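Visitor: I am new to this structure and would like a close look at a single part of it, a pocket and its walls. Please take it slowly, and go on from there to the parts it connects with.

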Amino acid sequence: MQTQKLDVHEQPSDNALADTAISRLRQLSMKLAMAEIDIEVFDTMQPLEDEWRALERDNLQSLHQSYDWCAAWVSAFRRPLAILKGIHAGQTAFILPVEIVKSRGLAIAKFIAADHSNINTGLFSEDFAESGGTIDTGKFAGQLQQALKGRADLLLLQNIPLEWRGRESPLKGLPMVQNQNHAYQLPFLPAFEDTLKQLNAKNRRKKFRVQSKRLEAAGGFEYVVPETSEEQHGLLDIFFRLKSARFASLGLPDVFANRETQAFLHGLLDKLDDSKQYFGLQMHVLRLKGAHEGKIAAISGISRKGDHIICQFGAIDEELVADTSPGEFLYWQTISGLHGKAIALFDFGLGDQTYKRSWAPIETAHYDVVLPVSPFGVIAGAAHRIVTRGKAHIKARPKLYKFAQGIRARIG
């Protein structure tokens, strides 16, 4: 009879066993404690500022739920708020920054600034966030419904990844539907050349050389990230003009046209900290020289929270050096320039576009929490599910999607 020896290296260490036990006890404690969680509803942000900023320090909480991001939106839109704060054992367990949006006679509770958010996580304490799938989601859903009773017909929390950078969402077990839009990310490796190896590096470098030669032949260029607030605000206005022209050429509505949205984005430009680890919005441009001296060929706006960069938008002047693909060339400049600045992930945000797929090896599915609060909310929630699944069906079929886009353009 042979005796099989166990390699000592395969045995878990005492520390590992202790960590596992503590983690399981913590998760069990959180699950048992759901009945003891109290949810308060706030109609202003200010009383929560200190707790809010403490929670958002967690690197895995979304930029879009940060205090400054939400404050800029609230200042511009002034919609009623119903911010949900969960308390356990006298400590803040979570904050869900929610506003009430009126639509066709319904009151819908949505994340603040949901229409301009690329990823939403909510804000959770570390214990609550790490509890993941152990939360009694049925009880949690009931508590959320009770908290919003009389304030909203439907809780609709959109664009939530079920898992984000290794952590499961505490919202995962709530009633959900997969959103029609996915997001696209590029992990940063220590050097730009290493990052490029995740892509088709040879073809990308070749394309970059061709673009560079064409831009030099047209008079040259410079990649600029202005440092002054005045220059940043001026560039944002240029973006609005370029994007408006682009939407008009496609026969599509301009989602940046209303004064509230423009005020919100202008407000983000001045939201930054001294460490440069957070900024609400920062404009990057490709500026031409020579015959087109000073003109902007491409422009983009990015945000940063911790080691996560999100590209919020971009535009090009289609009357200038179109054969150089200036928008994509600007991404090269931006991505290469961000290396060495403690960035781990460059996020191209929501929406399936060819340039995103060419840059981003990671595709992240997003989901919407659809939780009815009133009988009208049941109907509205069912409608949202049907419409969302219909859009997903169309977007998964390129010919059908192109046909739908054509119809949309014709009817304005």
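**The second largest pocket and its surroundings**

Guide: The lining of the second largest pocket is made up of nine nonpolar, seven polar and six charged residues. Keep in mind that this is a predicted model. The volume of the second largest pocket is about 580 Å³. Its lining has 22 residues, and those closest to the centre are Val225, Pro226, Lys276, Phe279 and Gln282. Three elements give two or more residues each to this lining: helix H8 (229–250), S12 and helix H10 (326–338). Strand S12 supplies four residues, the largest share.

Strand S12 is a convenient place to leave the pocket. S12 covers residues 278–288 and runs antiparallel to S13, to which it is joined by eight bridges. One point on this border is Met283, which has Gly301 of S13 opposite it. On to S13 itself, residues 296–305: 10 of its 10 residues are buried, so the rest of the structure largely encloses this strand. Buried here means that under 20% of the relative area is accessible.

S13 is also paired with strand S14 (residues 308–316), again antiparallel and again through eight bridges. Within that pairing, Ile299 has Ala315 of S14 as its bridge partner. S13 and S14 make a hairpin, with two residues between the strands. Gly306 lies in the turn and has a positive phi of about 60°.

S12, S13 and S14 come up again with helix H3. The buried residues of H3 pack against these three strands, and also against H2, strand S4 (98–103) and helix H9 (259–269). H3 spans residues 67–77, and 10 of its 11 residues are buried, so H3 is largely enclosed by the rest of the structure. Among the buried residues are Tyr67, Trp69, Trp73 and Phe77, together with Asp68 and Cys70. Ala71, Ala72, Val74 and Ala76 are buried in H3 as well. After H3 comes Arg78, with a positive phi near 55°.

Helix H2, one of the elements that H3 packs against, leads to a sheet. H2 (residues 49–56) lies across S2, S3 and S6, and runs at about 85° to S3. Ala54 belongs to H2. Its relative accessibility is 39%, so Ala54 counts as partly exposed. Ala54 and Thr92 are 38 residues apart along the chain, and their C-alpha atoms are separated by 9.9 Å.

The sheet is open, with four strands in the order S1-S2-S3-S6 and antiparallel pairing. Its edges are strand S1 (38–42) and strand S6 (123–124); each has a single partner strand, so one side of each has no neighbour in the sheet. Strand S2 (residues 83–88) and strand S3 (residues 91–96) are paired through five bridges, in the antiparallel sense. His88, for example, has Gln91 in S3 as its bridge partner. A second helix, H5 (residues 137–148), lies across S1, S2 and S3, at about 35° to S1.

That leaves the enclosed spaces. Searching the whole structure gives three cavities of 30 Å³ or more. The largest cavity has a volume of about 90 Å³. Residues lining the largest cavity include Leu60, Gln61, Thr121, Gly122, Phe124 and Ala129. Pro161, Trp164, Arg167, Glu168, Ser169 and Pro170 also line the largest cavity. By class, the lining of the largest cavity has six nonpolar, four polar and two charged residues.

The second largest cavity, at about 40 Å³, brings back a helix from the pocket. H10, which gives two or more residues to the lining of the second largest pocket, also supplies at least two residues to the lining of this cavity, as does helix H7 (201–217). The largest share of the cavity lining, four residues, is from H7. Arg204, Lys207, Phe208 and Gln211 line the second largest cavity, along with Glu328, Phe329, Trp332 and Trp359. This lining divides into four nonpolar, one polar and three charged residues.

Terms used: Residues numbered from 1 in each chain as written. Predicted model: local features only at pLDDT ≥ 70, side-chain atom pairs only at ≥ 80, totals over all residues. Heavy atoms only, no water. Buried < 20%, exposed > 50% of the residue type's maximum accessible area, 1.4 Å probe, protein only. Pairing = 2+ DSSP bridges. 1 Å grid on protein atoms, 1.4 Å probe; cavity = no way out; pocket = protein on both sides within 12 Å on 5 of 7 lines; lining within 4 Å. Points joined across faces, edges and corners; volume = space filled by probe spheres on them. Nonpolar A, V, L, I, M, F, W, Y, C, P; charged D, E, K, R; others polar. Contact = heavy atoms within 4.5 Å. Axes fitted to C-alpha atoms, helices over the stretch in contact; angles between N-to-C directions.
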